[in-house]
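Colleague: Before I use a model like this one at the bench, I would like to learn how its features are read. Could we work through some of them together?

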Amino acid sequence: MVPIQTSAEDSDISKELNKLSRKQTRVFLVHTNPSLGFRLFTLAKSAGVMSEEYAWIVTNSLSIFLNSIDSAVRDSMEGVVGVRPYVSNSKALENFKERLRRNMTMSNTTTTSPITELNVYGLWAYDAVTALAIALEKIVPLNSTSLGPRLLNELLTTKFQGLTGDFELFNGKMKPLAFEIFNVIGTGEKIVGFWTPERGITRDLSSTGEKTYATSAKELKTITWPGDSVTRPKGWAIPTTGNLRVGVPWKHGFTEFANVIIDEKTRRTNATGFSIDIFLAALEVLPFPIKYQFIHYNDTRNTDWSYDDMLRGIPEDYDMVVGDVTVWAPRAAHVDFSLPYSESGVILVVKNKKPFDMWIFVKPLKWDLWLAIVIACILMGVVLRILENRVVSNDADSIIENKERRRAIYWSPVTVLAFPERNMVLNNWSFFVLVLWLFMAFILMQSYTANLSAILTVDQLKFAFSDSYYVGCQEGSFMKEFLINQLHISPSRLRSYNSSEEYHRAMSKGSKNGGIDAIFDEIPYMKLFLNTYDSQYKMAGPTYRTGGFGFAFPVGSPLVAHFSKAIVDVTQGPNMTAIEQKNFGPGYSSQDPLSSRISQQTSSLTLYEFAGLFFIIGSVTLFSLFCSETAIGRKLTDKTANFIHILFHFKSSRVMSMEVDGDTNEPVANDDDDVSDVSVRDGTDTMMRVIEAGPENGEIIDNVTDNNQQ
């Protein structure tokens with residue numbers, strides 16, 4: 001809006017017109033009184049803004065008085081489009097104009113100037129006087145005390161057919177039933193269409209058919225625009241003089257995208273960042289040169305700002321806006337966007353609560369299952385020992401081997417898993433039991449592996465919102481409105497932040513300590529955030545579609561197509577990676593999928609996750625070396641082994657004695673049986689004496705057994 005005072009000098013008006021010629025805007029709406037308006041068009045033609053590609057529209061404050069302008073002013077208004085109340089031709093109106101013309105001729109016998117016809121205002125005044133006369137006739141007799149209210153009531157209810165059509169007051173005012181749209185051509189005017197409250201823009205009031213409300217200018221007849229052009233102006237043009245006013249947001253965070261720098265001496269605005277580099281690279285690709293000037297938004301550095309407020313400054317304050325501005329449907333109602341130059345989408349980022357610790361290998365199975373497995377191994381070893389005890393070999397060479405095999409029987413439930421090729425059992429029943437044990441063991445092993453894999457991978461992707469969670473979003477962006485309207489998150493659960501550092505501090509605190517537990521923001525910001533804090537956070541949930549970052553222009557600006565093509569050339573050119581790494585650091589690339597990069601970070605395992613397992617294995621290894629390679633260890637091992645041998649042989653001897661006692665009750669068959677029976681009893685007595693004497697006397701169970709067998 002350019003306010004011009006009625007008393008302004010021609011030089012002041014020309015100065016404002018020259019400013020308009022340097023802007024992109026090519027459509028001007030004039031709403032002023034006749035004296036200033038007619039001067040304006042005369043000067044506008046001299047300033048060159050009444051030429052092709054310009055459009056001028058005048059309101060009824062000026063268009064009603066066009067019948068009283070001279071030929072020079074009318075010539076300067078060639079191509080102007082105007083709107084004014086429509087007055088239909090009628091026989092009463094023609095008779096009135098004829099009577100007025102005769103009266104004016106008779107009263108102006110001394111002048112040769114042309115007779116001016118009444119405009120709409122004059123006709124309304126005539127109808128208003130007629131309505132007043134009708135109302136007075138209804139008030140009989142006249143009473144001075146109540147004349148005013150009665151006259152007002154009568155005027156408000158008076159209806160008749162006047163010169164301008166049906167006369168009726170609405171809220172005390174004349175209400176035109178239609179407006180006519182005209183085009184100034186030469187010394188006359190051309191009616192190109194009409195507007196009515198019921199049908200909108202229409203070419204002819206008498207047209208029949210379906211009544212549909214239209215707002216398109218295509219409904220109008222052909223218009224001759226300034227410069228004798230019949231091509232409708234685009235409304236915008238690339239300024240040939242002056243600088244392109246480029247708006248840049250002043251940000252408190254994420255300055256990698258747009259960073260405003262103000263020169264303290266010259267107070268000139270400079271800008272750096274990813275979005276600025278894309279803009280500068282696009283300028284080099286444009287087929288024409290453009291001079292630009294950065295104008296920063298939010299010069300007070302107030303935190304209570306928004307991109308939407310900045311975009312509303314187009315075109316009054318900015319010719320275009322460059323920055324991390326998201327292409328979003330609600331914004332497209334009042335600005336045009338170029339093609340996006342960044343990744344698009346909104347994602348959710350949460351804490352990477354990895355369930356890893358040094359005892360992670362224990363977590364796939366609960367304590368009751370671990371306990372059941374240990375007990376099953378022990379019981380299985382005892383069962384196999386009992387079964388294998390039935391196997392007796394009379395071969396003297398295999399006695400020692402049998403003894404070693406029986407010792408290993410206790411470990412067979414475990415060792416058979418590691419050494420399946422070794423024949424550890426001889427009893428068929430032992431083999432049957434061991435096969436069933438292996439079947440169960442393999443099921444447990446596969447279940448353990450699957451559950452551990454789930455803990456290390458799948459379970460990390462699970463995230464569920466809680467009513468107590470607070471969600472973070474970026475200050476000034478469209479995210480708050482997006483989360484409320486589209487994801488239906490309560491506004492009381494949203495907290496705004498400005499930078500990656502603020503996000504990190506809030507996530508570290510958590511919702512219970514005044515922070516947040518999740519972040520909703522666009523992919524370019526979150527990639528930068530995750531790149532900074534590595535695997536402390538992860539992406540969860542789906543990606544919500546948005547338009548990405550783009551440049552904003554006034555609606556209909558011809559620069560949109562040129563910059564869109566330039567952005568395609570830049571983003572698909574060889575310099576895009578260099579621009580990204582310059583602003584975001586080495587190794588950054590928008591071509592890398594976000595999900596794959598995050599999964600690589602979160603799936604890597606370290607020594608710490610399996611430190612508990614290594615600790616157990618190391619402890620057992622060191623204990624084995626201690627018992628095998630040191631004198632103290634060997635002595636302790638021998639004593640322990642002797643005690644175990646004595647304990648189990650004592651139990652075996654009791655079983656054997658019970659068997660011998662049972663045999664003595666049977667009938668004696670022959671002398672050999674007597675000798676055998678006596679040998680068994682003698683062997684048993686000898687073993688019992690050895691047990692009572694203990695290992696301190698230097699006798700061990702194996703020697704006793706060997707002697708008895710001999």
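Colleague: Which residue's side chain does the side chain of Thr 269 join in a polar contact?

Modeller: A polar contact is a pair of N or O atoms within 3.5 Å, where within protein one must be able to donate a hydrogen and the other to accept it, and where residues adjacent in sequence count only if both atoms are side-chain atoms. Here the side chains of Thr 269 and His 296 are joined at 2.8 Å. Keep in mind that this is a predicted model, in which local features need pLDDT of at least 70 and side-chain atom pairs count only at pLDDT 80 or more, while totals for chains, interfaces and linings use all residues. Residues are numbered from 1 along each chain as its sequence is written, and side-chain values use heavy atoms, with hydrogens and water left out.

Colleague: Where does Thr 269 lie, and is it buried or exposed?

Modeller: Helices (H or I, at least four residues) and strands (E, at least two) are DSSP runs numbered from the N terminus, and Thr 269 belongs to strand β13, residues 269-272. Buried means under 20% relative accessible area and exposed over 50%, with partly exposed in between (1.4 Å probe, protein chains only); Thr 269 is buried because its relative accessibility is 8%. If we take contact as heavy atoms within 4.5 Å and leave out residues up to four places away in sequence, Thr 269 touches Val 260, Ile 261, Ile 262, Phe 294 and His 296.

Colleague: What lies 3.4 Å from a polar atom of the side chain of Arg 84?

Modeller: That partner is a backbone atom, the oxygen of Ser 63. Arg 84 sits in strand β3, residues 81-85, and counts as buried because its relative accessibility is 12%. Beyond four places in sequence, the residues touched by Arg 84 include Asn 60, Phe 179, Glu 180 and Glu 189.

Colleague: How should I read a pair of helices, and at roughly what angle do the axes of α15 and α16 cross?

Modeller: Axes are lines fitted to C-alpha atoms, for helices over the stretch in contact, and angles run from 0 to 180 degrees between N-to-C directions. The axes of α15 (residues 500-509) and α16 (residues 523-533) come within 10 Å and cross at roughly 65°. Angles under 35 degrees count as roughly parallel, over 145 as roughly antiparallel, 65 to 115 as roughly perpendicular and the rest as oblique, so α15 and α16 are roughly perpendicular to each other. On the α15 side, Ser 500, Glu 501, Tyr 503 and His 504 meet Met 526, Phe 529 and Tyr 533 of α16.

Colleague: How many residues of α16 are buried?

Modeller: The helix is mostly covered, with 9 of its 11 residues buried, among them Pro 524, Lys 527 and Leu 530. Asp 534, which follows α16, has a positive phi near 50°.

Colleague: Which backbone angles deserve a second look elsewhere?

Modeller: Two loop residues that are not glycine have positive phi: Asp 228, near 55°, and Phe 254, at about 50°. Asp 228, in the loop between β10 (200-202) and β11 (244-249), is exposed, with a relative accessible area of 58%. Phe 254, in the loop between β11 and β12 (259-262), is buried at 3%. The peptide bond from Ile 314 to Pro 315 is cis, with omega near 5°, and Pro 315 is in the loop between α9 (307-311) and β15 (320-321).
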